[in-house]
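Student: Hey, got a minute to go through this model with me? I'd like to start with one helix and then hop around.

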Amino acid sequence: DSGCFVSTNLHYSANACLLPICSLYGAAVTTVEGVGSTKTRIHPVQERLAKCHGSQCGFCTPGMVMSIYTLLRNHPEPTSEQMTAALAGNLCRCTGYRPILDACKTFCKVRSSGNRITRLGPSVYIIYKPSRFSLNEFQPLDSTQELIFPPELMRMAENQPKRTLVFRGERVMWISPVSLDELLDLKSAHPKAPLVVGNTSVGMYVIRMAHVSLVPGCRRGVGINSGSCLQPLSSERILTNAISEFPEEKTGVFRAVLQQLRTLDLNPVLAASNCMLNLASRGQKRQIPVSDIFADGVGNNTITPEEILVSIHIPHSRKGEYISAFRHAPRRENALPITSAGMRVLFEEGTDIIKDLSIFYGGAGLTTVCAKQTCGTLIGRHWNEQMLDEACRLVLKEIAFSGSAGGENVDYKKTLMVSFFYRFFLEVSQSLEAMDPCHYHGIPMEYRSVLQDFKTRMPQSIQIYQDVEPSQSPLDPVGRPIMHQSGIQHATGEAVYIDDLPSVDGELFLAVVTSSRAHAKIVSIDTSEALKGVGVFDVITAQDVPAANEFYFSHDPEIVFARNKVICVGQIVCAVVADSDVHAKQAAAKVKIEYEMLEPVILTIEEAIKHNSFFEPKRKLEQGNVDEAFEIVDNIIEGEICIGGQKHFYMETQSILAVPKGEDKEMDMFVSTQHPAIIQEIVAASLGVPANRIMCHVKRVGGAFGGKILKTGLLASVAAVAANKTNRAVRFILSRGDDMVITGGRHPFIAKYKVGFMNDGRIRAVDAKYYINGGCTPDDSVLVTEVSLLKMDNAYRIPNLRCQAYACKTNLPSNTAFRGFGFPQAGLVTETWIADVADKTGLSPEKIREINMYKKNEQTHYRQELDPQNLIRCWDECMEKSAYYSRRTAINEFNQQNYWKKRGIAIVPMKFPFGQGTPYLSQGAALVHIYTDGSVLLTHGGIEMGQGIHTKMIQVASRELNIPMSCIHFCETSTTTVPNACGSVGSAGTDVNGMAVKDACQTLLKRLQPIIQKNPTGTWKTVIYVLGYNEHMDWEKGEGQPFTYFLFGAACSEVEINCLTGDHKNLRTDIVMDIGCSINPAVDIGQIEGAFVQGIGLYTMEELKYSPEGVLYTRGPDQYKIPAVCDIPEQFRVSLLSSSQNPHAIYASKGIGEAGFFLGCSVFFALRDAVTAVRNERGLNKTFALNSPLTAEQIRASCADAFTEMVKEGGEGRLCLIMAG
C-alpha cells in the first residue's frame, strides 16, 4: 500500500489507503515493485535494507523503502536529520528500528569510513555500524539510473487544455475544477460538499490550483496559497527561505509556525500570531483574523459554507514582540496533541509592560479556545512572577473543559496549559535579558535546559557477538550473520501475505457484525436491510455452523458466533458476505441487533474481585515458612502496582482465505497464524469433517507475537462456515480498528505484595497476590497465571515465598498469549518491590539486586536446579560495558545543575526460563526432500513471522547436509506436509524444529550412505521426525521441572525527563544477553532489540482506554501509540555473552524471541530514578507508586510542583517561589 508520486519535479511518499486516487490525475505513481524487483534490478535502498537486516516479518518494509526512496529522489545525499524525519511516520513492530536506520546511514552525508572492527579476543568482535558491510559491497546510488517523469504526462501538462475532471462513484462524486471561479460556483451550488486539501480524508471536491507559493507583494509578512494537498512540504520551504531573508526580529512568527508545521497543529499559533485568512465566495472576498474565529466564532467572523480559504497571511514579528508554540502528544512524532498552545506578547517599547497578549489552546475543547479574559486582564502588567501567578489562576478559571471524552485526563491537560504558559514566561524572560541585561535578570542557569525540546537524532549502535572459529568451513553458515531468507522479497514487495494471494473465481468478501454491548441478551437480529445491499450474497449466523460453535479447552467455552447472548463488546454475532469488501462492510453496518442488558457488567479486575468472578483453577506456589519469616525481619513494606494491557499491533491484521475444493468436503485454509494445526482442528470441528479434509497453509505471517493462535482459529471458522454455506471462496481481512476491538492482547495485571527484609537489604519473605484480567473466555489466561508464578522470582533467591494468582473473568475480549507470556508483568512487580526495599533501606537499587541475586547452584522456588553462573556474568559485563558507576556520578551532577530536566539510570538483571511446561507444546517436526538435481526442499512446523526461523532452519540443513544454503529452499508451512506441529510460541521455534531438521537430515544421510556408495545417482528418500522435551510441573506439590533451560541477561538504561510536560528521551541502553551459541547473530540481535523496544511500549507508552460501557477507545494508530523511530535509545548497544553453551538445544543455542522484552523495564526504572531525583529535590519524600505504562501524564503528576497543586485546588492556590524553585 506504499508508493511515491511525482509532481512539479518533487517526489512525495504516500499510503494508498490515505490518498484519494482521484487527486493523482497527472501525477506519476511508483510503487515499491516499480522501484526494483528480483526480476529486473534491485534498487540500492532495497538491497541495503535487506543486507543490514532491516526486515523481520517484512510487512512494513515496503513502506520503509518508499519513505527512504522518496527522500533520496529529492535529496540524493541527505543528512541524518532528514533521514530520521523521513521515517517519522513509519511504524515497525519487529525490528526496534535500529537495523533500518543502519541501512539509512549508508546514504547520509556524514558517515563513518567503512566497517571498523576491533579484535577483543580469540573470536570476539565488536562490529561498529553503519553496517556489517563495507560500502563497496553495496550497489552505488546512481541518480542516472532512476525512473524519469513520464514524457507523456509532461506533454499532457504542457499541451492539453485544462479541463474539469469529474469522477462518479456509488456514493461520492469527486470534481477537480480548473479555476478558482469554477470552484466558487461549485461551493455556492453545493455548500456542504467538503473541500479536500489533505490526504487523509475523502471528499467531494478538490481544486487543482498552483502549488503552495509565496504570495507577491506581502511586505508585512508572507502569504501562503491554499489548495494543495502538498502544503506542509511547500510551506516549509517558503518559511525557511523567509527566515533566512528577513532580520531575526521579524521572523518570530515564521519560526513558531515552522516549528508546528510538520505536526499540522497550526490553529493555536496562527491565531495567537494575528495571521489573516483570505476568504472567497462567489462574488465576494474578505479577510478575517484567525484569532477572531476562535475568540468569537459567531456573526460575520464565521467562515460560511460557501467560502473557501484562498491564502493565509503570516505577519512578521515586531520589536518587543515574542511568539512561541507548544504541544505535547502521546508520542513526539506522528501523533495528535493532548494539548497545544500558541502564545504571543507585545511589550510597550523599551519596557516589560504588556501591551498586547494572546493565548490560544488546542485540545481543551472541540476546537481551539482563546483565554481572552485572561489576556485582557493582564494588559498593563509587568512581566514578573506576580503576573505569572495571576495568569495561571486566570487561565485555569477561564478555560472550561467539556468532559473527559476518550478517557482523557482533564487535570493533566490543565497542568500542561499552565506549564506551557510558564515555559513561555521563561522564554520571554530569557529574551528580555538578552535584549537588556542591565534591567532584566533572565532566569536561573538551572532552568534554561527546559527551553530546549527533545530532538530525534540518528541513533549510534554497537553489536557484539562471538565470531565463528577460524577452523569452521566457509560453507558452514551456522553462527554467521546471514541475511533474512526473504529479506530481498520483503524490500521489493514480492513477499506474499494472505491478502496478496490472487483472487479466486467467484470469491466473496466477509465482514463481521460485532456486539456493541458488554453483557446482554440478544433479543433479535434483523438482517433484512443488509440482504438488500448491493452485491450482498448472504448473512452467516450461528445457525449456519454445521457442527461445533463452541470449543471447551477448559471449563468455559471459546465461541465462534454469539448465539443467545453477548459477553463483550466486539464479540462476533454474525457476518455478511458480498462481492466486494466495501459492499460487505456497508451491509454489515445495516444489520440491526436488539439487546436486553444483563447484569453484572464486569470490566475491571477490581469489579471481578468484588463479584468473585474467576476462571478455574486458581494457582499457588509456596516455599519456606513465610509467616515465621515476617516475625523476625527488620522491616516490612506493603504495596500494589497496576500494569495495563497491550495490543499486539502486528502489522498484518488477522487474515484468512477459505477455499472449498469442491469434493469430499475438502477446504484449503490460507491463514496468517502461528499454529496451523489448531486452525485445522477448530475449522474441522466447526464444519463437522475429519481433520484430514482441512489443509492449512502458511507462507509467512506479518507479525504475531502470540496473537494469532486460538482467536485466529475462531476467525478462521467464521470464514470456513461462510465458504461452506456459499460454496465460494471467502476472503476475510480485518481492518485495524476491527482487529483491535475483536481480539484481546496482553493481560492487565494487578499485584499486591508484602515484603519482609533486613536492614542490610536481604529480602527474607515475600507474600504476593496476582490478578490478571482474562476477559470473557479462558483462552490462555490460566496458563499465563501459572507462568507468572513460576517466573516471579526473576533473578533473585527468596527463601520464604508465597504467591497466588487469579485469572479474572470479565466482559472484555479475551486476553491471550503475548511475547513473554506473563513474565513481563510478574518481573516488573518483582523489580518494583526491589526498588521499594532500596528506598526503605537507603541502599541503591543495584545494591539490593546484587545482595539478593542467585549466586550459586541452588533450587528455584519450584525446586528446579539452577546454575546462575551466566546470570552473574551478564550482570557484571553489563555493569562494566555501561560504565554504570561513572555515569551515575555524571547523572547526579546533571541533576544538580538542572531543575526542570532530570536524568535517571537503572540496571536490571533477568533470568528467563525457557519451556512450555508440557511436552506437547515443545514438539518439532520436519520434512526434507532431496531431488535428483541436488536441490533440497525443506518443510518444518515452524511459522515465519519475523524471527528468521526459516533462515535458521536452512542454516541447520546446510551444515548437516554439507551443502550451500543456495541449494536449499523453504516453500511453506502446511498441515498437508507436517501434521500435528506445535505452535510457534514461547521462543521455542528454532529449538524444537531445528532438532527435527537436524535429525531428518542425519537420517537421510545415514540412509543414503549405501546408496551413495553403490549408486550415486539413485533416487533419494524423505523422513519426518518428532521431538519432545521432558517438561512437567506438579501444582499439588508445587514442584517440578517445568523448564528446559534458562536464558540470562541484564540491561542498563539512561533517560532524561522534562518535568513540565512529563515527556522523556531514551538516551542510552546497554544489553548483555546469554543466548548460548547463536545460530545467526544478526537475527538474534534483531530479536533482542525488537523485543526490547516492544517492552518500552508496554512499560512507558501503550495505553488502552475503555468507556464505562466496555467500548475500546484506543482502536487504531491515531489513539494507540506504539514506539516509533523517535523512541529508541540514542545509543543502543547489544552484546551476546561469549563462551556460553546450552546442551539442551540445537547447536548449543537458546530460544531468544521473548526474553529481551522484559529488559524494556530498565527504561521504566530509569524513569523512576529520574522522578525520585525530582521528588527528593523538592522535599517530596513520601513513598510514591508508579504504574505501567509510565506515561508522560503519570510522570508529570509524580513531579509535583506549584502547578499541579494549583490544578488540584481549582486555580485557587498561589505559585510560591517559582523562579527560585
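**Helix 26 and beyond**

Tutor: Sure. The buried residues of helix 26 are Asn870, Leu871, Cys874, Trp875, Cys878, Met879 and Ser882. Buried means under 20% relative accessible area, exposed over 50%, partly exposed in between (1.4 Å probe, protein chains only). Helices (H or I, at least four residues) and strands (E, at least two) are DSSP runs, numbered from the N terminus.

Student: What kind of model is this, and what's the fine print?

Tutor: This is a predicted model, where local features need pLDDT of at least 70 and side-chain atom pairs count only at pLDDT 80 or more, while totals for chains, interfaces and linings use all residues. Residues are numbered from 1 along each chain as its sequence is written, and side-chain values use heavy atoms, with hydrogens and water left out.

Student: Back to the helix. Why do residues three or four places apart point the same way in an α-helix?

Tutor: Because an α-helix has 3.6 residues a turn.

Student: And what do the buried residues of helix 26 pack against?

Tutor: They pack against helix 25 (845-852), helix 27 (884-897), strand 36 (901-914), strand 44 (1045-1058) and strand 45 (1064-1074). Contact here means heavy atoms within 4.5 Å.

Student: What follows helix 26?

Tutor: Ala883, with a positive phi near 50°.

Student: New topic. Where does UniProt put the "binding site" feature?

Tutor: The unreviewed UniProt entry places it at Cys57, Cys60, Cys92 and Cys94. They are spread over 38 residues of sequence, yet cluster in space, with a largest C-alpha distance of 9.4 Å. UniProt positions are in the numbering used here, feature names are shortened, and annotations may be inferred rather than shown by experiment.

Student: Is Cys57 buried or exposed?

Tutor: Cys57 counts as buried because its relative accessibility is 4%. Cys57 sits in the loop between helix 2 (44-51) and helix 3 (61-74). Its contacts include Cys94, His490 and Tyr497, not counting residues up to four places away in sequence.

Student: What about Cys60?

Tutor: Cys60 is in the loop between helix 2 and helix 3, and counts as buried at 13% relative accessibility. Leaving out residues up to four places away in sequence, Cys60 touches Leu91, Cys92 and Met651.

Student: How many disulfides are there?

Tutor: Zero, taking a disulfide as a pair of cysteine sulfur atoms within 2.5 Å.

Student: Last one: why does Cys438 count as exposed?

Tutor: Because its relative accessible area is 69%. Cys1077, at 27%, counts as partly exposed.
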